[in-house]
Amino acid sequence: MPAVVQLEDIHKTYDSGEVQVHAVRGVSLTLNSGDFMAIMGASGSGKSTLMNTLGCLDRPTRGRYLLDGVDVSGLDRNELADLRNEKLGFVFQGFNLLSRTTALENVELPMLYGRQRASGRDLQTRAEHCLQIVGLADRADHFPSQLSGGQQQRVAIARALVNNPQVLLADEPTGNLDSKTAVEVMGVFQKLNDQGITIVMVTHELDIARFCKRNLIMRDGRVVSDITVADRLFADAELQRLRDAEAAAKLTD
Amino acid sequence: MHLGSTFTVSLRALRRNAMRSVLTALGIIIGVAAVIAMVSIGNGAKSMVESQIAALGENVLLIFSGSLTQGGARTGAFGAGTLTVEDADAISHQLTNIIAVSPEVRTGAQVLANGLNWSTQVLGEGADYLGIRQWPLAEGNMFTDSDVRSVGKVCIIGQTIVNQLYPDSSPIGQTLRIRNQPFKVVGVLSAKGLSVQGQDQDDLVIVPYTSAMKRVTKQTMLRSINAQAASADGIATAQNDIVELLRQRHRTTEQTDDFTVRNQEEIAIAATATSKTMTLLLGAIAGVSLIVGGIGIMNIMLVSVTERTREIGIRLAVGAHGSEIQLQFLTEAVVLSAFGGMLGILLGIGTSELLSRVNHWPTLVSPVVVVSAFLGSAGVGVISGFYPARKASLLDPIDALRYE
Ligand SMILES: Nc1ncnc2c1ncn2[C@@H]1O[C@H](COP(=O)(O)OP(=O)(O)O)[C@@H](O)[C@H]1O
Ligand SMILES: [Mg+2]
């Protein structure tokens, strides 16, 4: 399988005046097409820093990063932006949708910054298609304030998908969601992964990490373990189990 | 991103804050409206003055009694009564580049006809007066040189006199009593309307100057002399010739002159200078409000950039270039101000219309002012939007995303 992401001895040091924070200390990592990895670790262990590097939002202090075979370190601000636009999709903990902007327009956003010109009609068709993938076709005209947390996160996922990225990056995507909604979102990720999209997500919840194929554990900026998930959970089955449990709770009432 | 999308993005952002957008544009709306209304008023006054100057006649030179420039013992214009009929004759006969001369006296007088009476201005003039002033008759004929020589009791009257004293029938051939002396009406002047100063220019009676001096004013001195130069190019020479001739006749020097000669151009410059200054002043005051409007836009754009830091972060994360962010905010500022400019133009034209209807002020909305007000407002948008837009474009995506 071809390597989509290749990190070689990545270091990131934050230099904020007096103190130097060595947030990432030599991470090497290969992600193949179709990978589905959870990055775990204690708060401050460098997960977000690593994700920002993977997302080409930040440059490593040291080390080499190949994205889809391209060495990212030599690229300027605009070239990085183009790379993010074409090859990466982002999902954030806080959803980060534009307020007072419809779900559809939020999903269209990355296409507006695409280098090749798309007609307004084409934009809309593609955005609608992505909303359909995340099961929100009927909410296209809704504003974020009219959507639940889970729905907002699904709009954000649709937005991340709209430019057919190679890698979907999600920093604590279920952090603001209740457990059932979190499982629903993981279900969307699993479906997308089945269709071939490489996904990297950060979580500190063990049971959420079990929906992934691979778990990477960080401590103090280093990778301490990188394992394949043995007893993987599947969202469809979990949701069914949750529904049964709810039904049972009501029966016993 | 191409321009169309930038425009779409900017419009969407403005629409999200529709109320604020309108309030922000209000500064520009008022600024542009003020500029247009003020300049229209100024221009209206100016064109009015200009048309009045043109109404003075063609290549006209005015010779007044008294000196306007003399220092020390200053006699006001018309005050001294130093010009004589002989002066007028000398100008007429000796100066070849003067083609027409009309000696002038004037007085206020009570006039009567058809049992109605009216208080008006009576002008004594020569037979060439209307030719010099380029003032056509509506009816009848001008009195002739022989009427002047024979101290004839004939007159021509303005429209206001017609309206006041001859409401029913044509005044031609009828009698008008001026200070109780009967004059025969031989002509009616075409209407001129109000002057800039609001004077009724049609409220007058013109009689031969000889008749006026002998029968009405009982004066021997002239108030002024109207003269017409042969050509526009000849005005300056003609003016010098008149001054020289009168100095000879009055035995005066530049310091002791008891007369003043003004040509039409000088009068026009003096008269339009005031209205030009007024237009400039009004325009400048209005321009200040446009600048204030621009500062309002800059202020709101700065607030907007801070408030929308996270939005900027999202846009950068999904692939926006700094230049695209900059263009977006710049476009927002320009759309706001251009939109404000357009509404301001409508409001300004409306205000000008209203002022000219209600207050009867002459206003003149010139396309140049409208276009430059619009370009000005768009320019204000570019200038006031530039700094906030630049600030937005330089944000770091991670910092912006993390912004609370
Ligand atoms: N912009 C920054 N400036 C300085 N230090 C930072 C910055 N971002 C993160 N850090 C530090 O780097 C370390 C790793 O942070 P982070 O990657 O956010 O950890 P995690 O996401 O695993 O909680 C922490 O000690 C944090 O304080
Ligand atoms: Mg983190």
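Modeller: Strands here are DSSP runs of E of at least two residues, numbered from the N terminus. The model is predicted.

Colleague: Which strand of chain B holds Glu125(B)?
Modeller: Take the residue range. Residues 116-125 of chain B form one strand, and Glu125(B) lies in it. The strand is β3.

Colleague: Which side chain of opposite charge is nearest to Glu125(B), and how far away is it?
Modeller: Glu125(B) is buried, yet it has no salt bridge. A salt bridge needs a nitrogen within 4 Å of a carboxyl oxygen. The nearest side chain of opposite charge is Arg106(B), at 5.4 Å.

Colleague: Which side chain joins Glu125(B) in a polar contact of 2.7 Å?
Modeller: Glu125(B) has a polar contact with the side chain of Asn226(B), at 3.3 Å. That is not the pair you want. The 2.7 Å contact joins Glu125(B) to the side chain of Ser102(B).

Colleague: Which residues does Glu125(B) touch, not counting those up to four places away in sequence?
Modeller: Ser102(B) and Asn226(B), its polar partners, are both among them. Glu125(B) also touches Pro103(B), Glu104(B) and Phe143(B). The list is completed by Ile206(B), Val207(B), Pro208(B) and Tyr209(B).

Colleague: Turn to chain A. What radius of gyration does chain A have?
Modeller: Chain A has 253 residues, so a compact globule would have a radius near 18 Å. The C-alpha trace spans about 60 × 50 × 40 Å along its principal axes. The value for chain A agrees with the globule rule: 19 Å.

Colleague: What share of the residues in chain A is buried?
Modeller: Chain A contains eight helices and 10 strands. Its exposed area is about 11,600 Å², with carbon and sulfur atoms supplying 47%. Of the 253 residues, the buried share is 53%.

Colleague: Among contacts in chain A between residues at least 6 apart in sequence, what share joins residues at least 24 apart?
Modeller: Contact means heavy atoms within 4.5 Å. Among the contacts at least 6 apart in chain A, the share joining residues at least 24 apart is 69%.

Colleague: Which residue caps the start of α2(A) with a side-chain oxygen within 3.1 Å of the backbone nitrogen of Asn78(A)?
Modeller: Helix α2 of chain A covers residues 77-87. Its buried residues include Leu80(A), Asp82(A), Arg84(A) and Lys87(A). The oxygen at the helix start belongs to Asp76(A).

Colleague: Is Asn164(A) buried or exposed?
Modeller: Asn164(A) sits in the loop between α5 (149-161) and β7 (167-171) of chain A. Its phi is near 50°, positive in a residue other than glycine. Most residues other than glycine have a negative phi. With a relative accessible area of 61%, Asn164(A) is exposed.

Colleague: Where in chain B does Gln134(B) lie?
Modeller: Gln134(B) is not a glycine, yet its phi is positive, about 55°. Gln134(B) counts as partly exposed, at 45% relative accessibility. Its place in chain B is the loop between α4 (129-133) and β4 (137-140).

Colleague: Which residue of chain A forms a salt bridge with Arg15(B)?
Modeller: The closest N and O atoms are 3.5 Å apart. The pair crosses between chains, from helix α1 (residues 3-16) of chain B to helix α3 (residues 103-112) of chain A. Arg15(B) is exposed at 55%, whereas its partner is buried at 15%. That partner is Glu105(A).

Colleague: Which residue meets Arg12(B) in a salt bridge?
Modeller: The N to O distance is 3.0 Å. Arg12(B) lies in α1 of chain B and its partner in α3 of chain A, so the pair joins two chains. Both count as buried, Arg12(B) at 17% and its partner at 5%. The partner is Glu108(A).

Colleague: About how many helical turns separate Glu184(A) and Lys180(A)?
Modeller: Their side chains meet in a salt bridge, 4.0 Å from N to O. Glu184(A) is partly exposed at 28%, and Lys180(A) is partly exposed at 29%. They are four residues apart in helix α6 (residues 179-194) of chain A, so the separation is about one helical turn.

Colleague: How many salt bridges are there over all chains?
Modeller: Some share partners: Arg16(B), Arg308(B), Glu311(B), Arg315(B) and Glu332(B) are joined into one network. Over all chains, the count of salt bridges comes to 27.

Terms used: Residues numbered from 1 in each chain as written. Chains lettered and ligands numbered in written order. Predicted model: local features only at pLDDT ≥ 70, side-chain atom pairs only at ≥ 80, totals over all residues. Heavy atoms only, no water. Buried < 20%, exposed > 50% of the residue type's maximum accessible area, 1.4 Å probe, protein only. Lys, Arg positive; Asp, Glu negative; His and termini not counted. Polar contact = N/O pair within 3.5 Å; in protein donor to acceptor, adjacent residues only side chain to side chain. Rg over C-alpha atoms; globule rule 2.2 N^0.38 Å. Areas by Shrake-Rupley, 256 points an atom, 1.4 Å probe, with all protein chains shown as cover.
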